[in-house]
Amino acid sequence: MKEQLPPLLPLRVLEACARHESFAKAAEELGVTPGAVTQQIRVIETWVGAPLFRRTGRKVLLTNATLAALPSLREGFDRLAEAAQLLRSPTRKNRVVSVSAPPSFASKWLLPRLDRFRERYADIEVWVSADMALADFNNSDIDIAVRYGAGAYEGLVTEKLLSESVRPVAAPSLIEEYGPFKKPEHLVNAPLLHDLNAEDDPSCPDWTMWLKARGVSDLTLRGPRFNQSSMVIEQAVAGKGVALAKDAIAADDLHAGRLVPVFEDATPLAFSYWIVWPRGRTLLPPVRAFASWLKSETLGEILDGAGI
């Protein structure tokens, strides 16, 4: 006879408290009050017949039993999430992959390449969610996500997709009008386009930082500002100014000649693009196919010399 399991909710609360080593942080994650968390911990401690935490002021310490059980608890809830996904997957139309990606990456890098995926996998439908907010795998149908950052995200499997760098780019018509730009200081004579997204990326320089690193300072830099990198690129293509562009976002326009690099060198960034999904989740075959295709696209561009 199988041993009777404790109620699921107290176990969920126990896992969150043990992972955070804090009742308050667990309450915040679960969207309940600290009092409700305390009540559920009492339920599971009554079921166990022994304390599961040692309280020391605001911090809680794990008992040996809780510490030993935590890995299995985390794996168990990961498996439950996977089972829920499998239960829901037959209700989807055909075979669907739902992917979340940053808006500019989605519009300028991913969408122009999706036809190549459809040619290879005609029976798989791709749904793209372009959102600045991070994908919530627990409360959405998102199968896989592309994130831009430092990597090593807690609770997620992380595979590097693409490195990133920045360089000044402009439309050929603008360079003809304001150029040639032989030195960085020559750029101050041309309109500059400012990407406010750089403020959310500590690894990415803005125009002031980029010019200062090249000995050009004490300047009052004017020009329009945009909160999406894709908008900056579109304005540069239209000849409205010089953009300090991320290579992945500008790649297609550079390849097509709508934009050209102003200088040869690029500035590598510490942030990269990563493919992520919940740790412990077994990817369904269509999702695995999509992840493999993403990596093959970046590898192919590097081998072809098109990674900029």
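Okay, a quick definition to start: when I say buried, I mean under 20% relative accessible area. And keep in mind that what's on the screen is a predicted model.

Let's begin with helix α10, residues 247-255. It's mostly covered, with 7 of its 9 residues buried. Those are Asp247, Ala248, Ile249, Ala250, Ala251, Asp253 and Leu254. So what do they pack against? Quite a list: helices α5 and α9, plus strands β6, β9, β10 and β11. After α10 comes glycine 257, and its phi is positive, near 85°.

Now the nonpolar cores. In soluble globular proteins, nonpolar side chains tend to be buried together. Here, the largest core has 38 residues, and the members touching the most others are Phe105, Leu110, Ile144, Leu161, Tyr273, Phe290 and Leu294. Helix α11, residues 285-303, gives the largest share of that core, 6 residues. Take leucine 294: leaving out residues up to four places away in sequence, it touches Trp109, Leu110, Val146, Leu161 and Ile275. Apart from this core there's another one, of 19 residues, including Ala16, Phe23, Val37 and Phe53.

On to the rings. I've got 11 aromatic pairs in the count. Tyrosine 148 and phenylalanine 271 have ring centres 5.6 Å apart and planes at 75°; over 60 degrees counts as edge-to-face, so that's what this pair is. In sequence these two are 123 residues apart, with tyrosine 148 in strand β5 and phenylalanine 271 in strand β11. Is phenylalanine 271 buried or exposed? Its relative accessibility is 17%, so it counts as buried.

Then there's phenylalanine 290 with tryptophan 293. Their centres are 5.6 Å apart too, but the planes are at 35°, so we call that one tilted. Both sit in helix α11, 3 residues apart, or about one turn of the helix. Both are buried as well.

Zooming out a bit, Phe105, Trp109, Tyr148, Phe271 and Tyr273 make up one aromatic cluster.

Rings with a charge over them, next. Arginine 12 has its charged end over the ring of phenylalanine 77, 5.5 Å from the centre. Arginine 147 does likewise with tyrosine 153, at 5.1 Å.

Last stop, aspartate 141. You'll find it in the loop between β4 and β5. Its relative accessibility is 34%, so it's partly exposed. Valine 97 is 44 residues away from aspartate 141 in sequence, yet the C-alpha to C-alpha distance is 9.2 Å.

That's my tour, thanks.

Definitions and conventions
Residues are numbered from 1 along each chain as its sequence is written. This is a predicted model: local features need pLDDT of at least 70, side-chain atom pairs count only at pLDDT 80 or more; totals for chains, interfaces and linings use all residues. Side-chain values use heavy atoms; hydrogens and water are left out. A nonpolar core is a set of buried Ala, Val, Leu, Ile, Met, Phe, Trp, Tyr and Cys residues joined through side-chain atoms within 4.5 Å. Buried means under 20% relative accessible area, exposed over 50%, partly exposed in between (1.4 Å probe, protein chains only). Helices (H or I, at least four residues) and strands (E, at least two) are DSSP runs, numbered from the N terminus. Contact means heavy atoms within 4.5 Å. Rings of Phe, Tyr and Trp (its six-membered ring) pair if their centres lie within 6.5 Å; planes under 30 degrees apart count as stacked, over 60 as edge-to-face and the rest as tilted. A charge sits over a ring if NZ of Lys or CZ of Arg is within 6 Å of the ring centre and within 35 degrees of the ring normal.
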